[in-house]
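Here is a short tour for anyone meeting this protein fresh. Have a look at the picture, then read on.

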Amino acid sequence: SRIDPWFGILDVELKLEDSLKDLRSARVQDIGDVIEEILSNSVRHGGSTEIKLELIKSDSNTIKIHAIDNPTKSPNSQRNNPGLGTKIFNLVSDGRWEIQHNQNETIFTIYISVNG
């Protein structure tokens, strides 16, 4: 599991839609990469200690990953160059992702197309 290495660093609550437990798609690797980047960013950029991840099918061909964490650091709004995460997210989602920050949480949502 891509989440296992984060236990002890980050309290991860995972909700996985039952229909995704046996997902067979060439995009499974991409989904794993996105999850790892979300977890990494949560700790590195936000100083988070907890995150809730939800993976659901938003339609028959699209997976929605929704993450909410508890940042202890303010987001770096001065960053002009996109980082690795931005590049990964744009590549796997065709730009269909967003991040929102407020005082108590960061909310991240991404949509990834899969076959069938």
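## The buried side of α1

Let's start with helix α1, whose buried residues are Ile31, Gly32, Val34, Ile35, Glu37, Ile38, Leu39, Ser40, Asn41 and Ser42. One thing to keep in mind is that this is a predicted model. What do those buried residues of α1 pack against? Their partners are β1, β2, β3, α2 and β5.

An α-helix makes a turn every 3.6 residues, so positions three or four places apart point the same way. You can try that on the list, which includes Ile31, Val34, Ile35 and Ile38. The length of α1 checks out too: its 17 residues should span 24 Å at 1.5 Å a residue, and the end C-alpha atoms are indeed 24 Å apart.

## The overall plan

Stepping back, the protein has two helices and five strands. Follow the chain from start to end and the pattern reads β-α-β-β-α-β-β. The radius of gyration is 14 Å, close to the 13 Å that the globule rule gives for 116 residues, so the protein is as compact as a globular protein of that length.

Along its principal axes, the C-alpha trace spans about 40 × 30 × 20 Å. Buried residues account for 37% of the 116. And if you take the contacts between residues at least 6 apart in sequence, 66% of them join residues at least 24 apart.

## The sheet

The five strands make an open sheet with mixed pairing, in the order β1-β2-β3-β5-β4. At its edges sit β1 (11–16) and β4, each pairing on one side only. From one strand to the next, the twist averages 15 degrees.

In a sheet, strands pair through backbone hydrogen bonds, either parallel or antiparallel. Which way do β1 and β2 run? They are parallel, with six bridges joining β1 to β2 (residues 50–59). To pick out a bridge by eye, go to leucine 14, whose bridge partner in β2 is leucine 53.

## How the helices sit on it

Helix α1 (residues 28–44) lies across β1, β2, β3 (62–69) and β5, and runs at about 150 degrees to β2. Helix α2 (residues 84–93) also packs on the sheet, but there it touches β4 and β5. The direction of α2 makes about 40 degrees with that of β5.

## An aromatic cluster

Now for the rings. The whole structure holds three aromatic pairs. One of them is tryptophan 97 with phenylalanine 108, a tilted pair with 5.7 Å from centre to centre and 35 degrees between the planes. Tryptophan 97 belongs to strand β4 (residues 97–101) and phenylalanine 108 to strand β5 (residues 106–113), so the pair ties together parts that are 11 residues apart in sequence.

Are these two buried or partly exposed? Tryptophan 97 is partly exposed, at 24% relative accessibility, while phenylalanine 108 is buried, at 6%. Ring pairs also bring in Phe89, making a cluster of Phe89, Trp97 and Phe108.

## A leucine in a loop

Finally, look at leucine 23, in the loop between β1 and α1. Loop or not, leucine 23 counts as buried, because its relative accessibility is 18% and the cut-off for buried is under 20%.

What does leucine 23 touch, leaving aside neighbours within four places in sequence? It is in contact with Val28, Ile31 and Ile63. Leucine 23 and asparagine 115 are 92 residues apart along the chain, and their C-alpha atoms are separated by 9.7 Å.

Key: Residues numbered from 1 in each chain as written. Predicted model: local features only at pLDDT ≥ 70, side-chain atom pairs only at ≥ 80, totals over all residues. Heavy atoms only, no water. Phe/Tyr/Trp six-rings, centres within 6.5 Å; stacked < 30°, edge-to-face > 60°. Helix = DSSP H or I, 4+ residues; strand = E, 2+ residues; numbered from the N terminus. Buried < 20%, exposed > 50% of the residue type's maximum accessible area, 1.4 Å probe, protein only. Pairing = 2+ DSSP bridges. Axes fitted to C-alpha atoms, helices over the stretch in contact; angles between N-to-C directions. Contact = heavy atoms within 4.5 Å. Expected span 1.5 Å × (residues − 1). Rg over C-alpha atoms; globule rule 2.2 N^0.38 Å.
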